[in-house]
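Subject: Structure handover

Hello,

Here is the structure I promised to pass on. Please have it open while you read; my notes follow directly below it.

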4 protein chains.
Amino acid sequence: MSGNTFGHLFRVTTFGESHGPGLGVIIDGVPAGLRLDPEQIQHDLDRRRPGQSKVSTMRKEADEVEILSGVMDGVTTGTALAMLIRNTDQRSRDYGNLATCFRPGHADYGYFKKYGIRDYRGGGRSSGRETAMRVAAGSVAKQLLAHYGVTIQAYTLRLGGVDAAKVDLAAVESNIVRSADPDAAEAMIAAIRAAQAEMDSVGGIIECRADGVPAGLGEPVFDKLDALIAHAVLSIGGIKGIEFGSGFAAADLRGSVNNDPITPDGFTSNHAGGIIGGISNGNTILFRAAMKPTSSIAKEQKTIDEAGSAVTISVHGRHDPCLVPRAVPVVEAMTALVLIDALLQNRCARL
Amino acid sequence: MSGNTFGHLFRVTTFGESHGPGLGVIIDGVPAGLRLDPEQIQHDLDRRRPGQSKVSTMRKEADEVEILSGVMDGVTTGTALAMLIRNTDQRSRDYGNLATCFRPGHADYGYFKKYGIRDYRGGGRSSGRETAMRVAAGSVAKQLLAHYGVTIQAYTLRLGGVDAAKVDLAAVESNIVRSADPDAAEAMIAAIRAAQAEMDSVGGIIECRADGVPAGLGEPVFDKLDALIAHAVLSIGGIKGIEFGSGFAAADLRGSVNNDPITPDGFTSNHAGGIIGGISNGNTILFRAAMKPTSSIAKEQKTIDEAGSAVTISVHGRHDPCLVPRAVPVVEAMTALVLIDALLQNRCARL
Amino acid sequence: MSGNTFGHLFRVTTFGESHGPGLGVIIDGVPAGLRLDPEQIQHDLDRRRPGQSKVSTMRKEADEVEILSGVMDGVTTGTALAMLIRNTDQRSRDYGNLATCFRPGHADYGYFKKYGIRDYRGGGRSSGRETAMRVAAGSVAKQLLAHYGVTIQAYTLRLGGVDAAKVDLAAVESNIVRSADPDAAEAMIAAIRAAQAEMDSVGGIIECRADGVPAGLGEPVFDKLDALIAHAVLSIGGIKGIEFGSGFAAADLRGSVNNDPITPDGFTSNHAGGIIGGISNGNTILFRAAMKPTSSIAKEQKTIDEAGSAVTISVHGRHDPCLVPRAVPVVEAMTALVLIDALLQNRCARL
Amino acid sequence: MSGNTFGHLFRVTTFGESHGPGLGVIIDGVPAGLRLDPEQIQHDLDRRRPGQSKVSTMRKEADEVEILSGVMDGVTTGTALAMLIRNTDQRSRDYGNLATCFRPGHADYGYFKKYGIRDYRGGGRSSGRETAMRVAAGSVAKQLLAHYGVTIQAYTLRLGGVDAAKVDLAAVESNIVRSADPDAAEAMIAAIRAAQAEMDSVGGIIECRADGVPAGLGEPVFDKLDALIAHAVLSIGGIKGIEFGSGFAAADLRGSVNNDPITPDGFTSNHAGGIIGGISNGNTILFRAAMKPTSSIAKEQKTIDEAGSAVTISVHGRHDPCLVPRAVPVVEAMTALVLIDALLQNRCARL
């Protein structure tokens, strides 16, 4: 209810703050019998972790994951699977006026209004650091999905105003911005550098595809598959929009163009993004999510303090000038959580 | 779990098919003590009902609502509140090859793959007709929200490629397409007419704003307020995308531009759309949703039948050439469901 | 959250008050493909309905059920299944001081403290009348369970201090108190008559067994199968206790006696009542529930009114002098809801 | 869904196996602003921990709790609160035929049938060891409840056939069996010793009371307060029955006796155990739970192995000859979880 849980049959609950002892997750509903590869989990965490490249934050965290339960002799037992990461580089420092001012673009103000208290140390629970456990849980989900032939891959489609001109899935992990177009990667990196030089930040668009999803996933009415994915992806800090298939462009199409014709060999187009009426149709699931520029910038900004007085603020510290490259595995993870839940739920659809 | 329920503390469960005896809703969690205005509920239903104008389906349904429980002497009692609408114009007819073919752009195929059975009579549960009960429940939510000073209004921002050049809230209900710009309404109506003449359909973009929302609503991590609204709005059939505040455009902005400065008098811009870090900040909540063109068109289309053979299909019947105008109150309703739930949840945020 | 919903994968939500327009239920999660027998539902409702015998209330309700959704051509479609019963004999009458006094043994006082308002007309939502929809939903559950070879039968084991000396399942429906021992039935009926003559009431004990339940149902930790059944059965108004297998007597046994030996042919005893560690073991599930005497009695009792002043009260009206016989099908229904949910959940236990 | 979560607004999710790295809990929904006393949590854990007295298991576990999140400067922040205990004495040993045989009275068989795999090392997830995290979470709940004037105390009412002749709350923690009657404690201890000498075990009855509970807690219909407590308490391994107030004895009472008269000064009796119609009435909440004798006994028993062949088994190891004294704080914890959840839920009952 208080929002630290996601999913129903594959139910993920996380905890942890940026500057607390650590972060963790409990997954309730991992089916018994899966040979779990911990290195795969660590690999996914490494794709998200800070300090991985010259365009990410300099905070150094190994993000080494420990599996605490739910696995015996390398195989899932069906009981709650827990994982833990210790924070190792949450520097104690003088927060200056960050401790009493609200950072523009940050959750500070809302948290203060909500709880009457807020954790100013790195944002506490509102820190993007919590997404580490999403990735850990998502990696378990991805391993389950792989067992059923489903694969998920996200990539940077646009960053700092630079578009990927093509989508080359094999190239995504070969450039530090995770661009689908390795040729565009350099321009994207330059855009980040330019913003950084001006004590500023940039955003971008992530595209994600899921292949091998069988037709029939998703529930009618409120838990449509796209609604669940939208919930999942919009729950990632900084994501401000999502669209499936033709998305916003579909608003301008005629029905005769937007409807995907069905043939004995499958659909001949994918305006729907693989989901119609909230149910997967067997086509590739495809969506895009827009990420805003990082809120924490060194440039001076206007804000107020807890007393309501006007102040100016410069958010120094170790912040990513662009969060898009590190958000790519988080988008994959959230998509995986939705798909495995829908796949399990589907086991109960028929007699 | 199977998707007919939405919300937690203000929990809505609906039932009903296009061609069954009727549609209904149970709301669990209506606080006791609200003087409920049934005419307001009927008014909202009238805004959604078929046959309300020359650009909507000709199906005639009074959509008269009956309150079955949860209210005594006009005041809510705190117990489950149920409402029922009888279907009165679900014409029995020869469905021809609709009974055995999958309509392009429709949920038919997915339902068949999921359940091994599907209701071909008007789409059954996948019919947009189910949204009537969302509107009824949303109307109760809106009455509660009004008690707390929160108002919600949606309107057509773009339709058939025609933009509203301005937003005049007072004018929305004065034109049959619910355009925020009464001057653009005529061109929008013409776009619908043109598509209809070609046995085709058009889509559009709905914008929605919520005013008076206190800062602090929404939950950290998975149940961010925008994630919940995205879930709610994407669960409406035909919605293919959503964006908050600057939305997809934010992906191209610098942080220094996109961050909304805070002053003692409030925010000086609203790039965030009233939600930061998933928590409302007291600013107007503002989002846009893209709706695809109606899938049911009389134009001939390619598809397959249940046996997998190629066929052509023309979907005749009483379909809306554009669903946007009737979806406006549905978007409001879903937004209301999220906000009242978040508002109740917030009562438990502090000691 | 507000308690009108039970279950997860087979999720039942009910509404309705004793003196409102009617009662209803939505079942979310009925698997597609079940040929549903409406007469079986009506038969179960008839076993619960008022006025069925000389020892039940004289209120006359046909409790005729209407299926509103979720079934096409007699077969479940997988979508929400709704049922409705209209109240037909909710007599308008002068409630006298019932409208302002709290009836001893009733929920009046608690409701008033909770909601600041209460429905004095027959108890409103707290009336036993709400159990009708449990029976309707339970009947759907029983039909599903029958498909999987599971049967449930409850019966009166003790009533008004009279014990059933034997358990003859075939005889249960042949006597009006649903005694498992037809020979004891007459003495039970006499006990009811004697209490009634003194403007008083009696209680009793219901035993319930489920046969054919496969080993492995129920979840570790919080959702143990017996915990779920206890939740389900204690949620029936008037039930004050439950015990499984040897139950309270097990507290006095040695482990060597209480442990059920396992042999290649099965268990040689059933002290556990078919559930160990919260998981079914394949043995017959067996439990007993204690029901208090009816609270509504014509005998004069001490109480207070809404102003807190001492008054005396005689609860006249059409009340059952003993609710046990009519509660028997309700206990079956609640047990069925738990078992079908556990059975569906089990589909997700393994890869 | 898979049962590792309990509660809604104060939602507890646990993990951990007897012989894994450790045990943990996430509490989602702790209101912000509570000054949390970690020593109180440790104190409650000490009351449950193994090796605490000569009548408990010799396994030595400090059960030292670490708070991982949700608390800043000693005060709850409103975000997920996590706690961890490391296992330190999970001896590696030769399990002999325990690894392939099903222990009578244990969950082994059910787990094997459910998951196709089971953790034979100390029972894995089915070990009573998981209750440590219930106690930790319950201690947080108790601290919250104390803030609202609610106190909970459980005690041994009967053990090995020996009754407590009186209830002296002050004496409970002064004897190692947590008897409410210190004079009976010696006989209870002797009963345990006698059973132990015969390689056997004994059970007992725990009574629990909650004082200061305001009238109005609990929800109508399915989530009655007693139903929730029954769910909570029956979810503790080894509990086989529960009764409220007069409980099973109420089945034999007349309504005129069982109804608790209400006077301007309160109720003059408490046959109801403080809950009527599922709603607290302001009276002391009082219930009793029956616990079976420990299943693990050294005495030889008949069982089968995984191949289905008959074998005999002696369960050696470090087992409690009676679990009742250590279950007392677990019963308190589970009661606390229900009450705090109901108390939070009640904040949403009215406008």
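Arg48(A) sits in helix α1 of chain A, which spans residues 38–48. Keep in mind that this is a predicted model. I picked this residue because of its record: the UniProt annotation "binding site", from an unreviewed entry, covers Arg48(A) and Lys54(A). Such annotations may be inferred rather than shown by experiment.

Is Arg48(A) buried or exposed? It is buried: 25 other C-beta atoms lie within 10 Å, and 20 or more are enough for that label. Leaving out residues up to four places away in sequence, Arg48(A) touches Thr131(A), Ala132(A) and Val135(A). It also touches Arg326(A), Pro329(A) and Val330(A).

Lys54(A) is another matter. It lies in the loop between α1 and β4 (65–69) of chain A. Lys54(A) is exposed, because just 10 other C-beta atoms are within 10 Å and the cut-off for exposed is 12 or fewer. So the annotation covers two residues, of which Arg48(A) is buried and Lys54(A) is exposed.

Now the chains.

Take A and B to begin with. Chain B superposes on chain A by a rotation of 180 degrees, with 0.0 Å of shift along the axis and an RMSD of 0.0 Å. That is how a two-fold axis relates its copies. In chain B, His231(B) has the C-alpha nearest the axis, 2.4 Å from it. Both copies use the same surface: 100% of the contact residues of chain B recur in chain A.

Next, B and C. A turn of 180 degrees and a shift of 0.0 Å along the axis lay chain C on chain B, again with an RMSD of 0.0 Å. Of the interface residues of chain C, 97% are also interface residues in chain B, so these copies meet through the same surface.

How many residues does each chain bring to this contact? Chain C gives 38 residues and chain B gives 37 residues. On the side of chain C that touches chain B, the elements with two or more residues are β2 (11–16), β3 (22–28), β4 (65–69) and α2 (108–115) of chain C. The largest share, five residues, comes from β2(C). By type, that side of chain C divides into 13 nonpolar, 19 polar and six charged residues.

That is what I have for now.

Best wishes

Definitions and conventions. Residues numbered from 1 in each chain as written. Chains lettered and ligands numbered in written order. Predicted model: local features only at pLDDT ≥ 70, side-chain atom pairs only at ≥ 80, totals over all residues. Contact = placed C-beta atoms within 7 Å. Helix = DSSP H or I, 4+ residues; strand = E, 2+ residues; numbered from the N terminus. Nonpolar A, V, L, I, M, F, W, Y, C, P; charged D, E, K, R; others polar. Least-squares fit on C-alpha atoms with pLDDT ≥ 70 in both.
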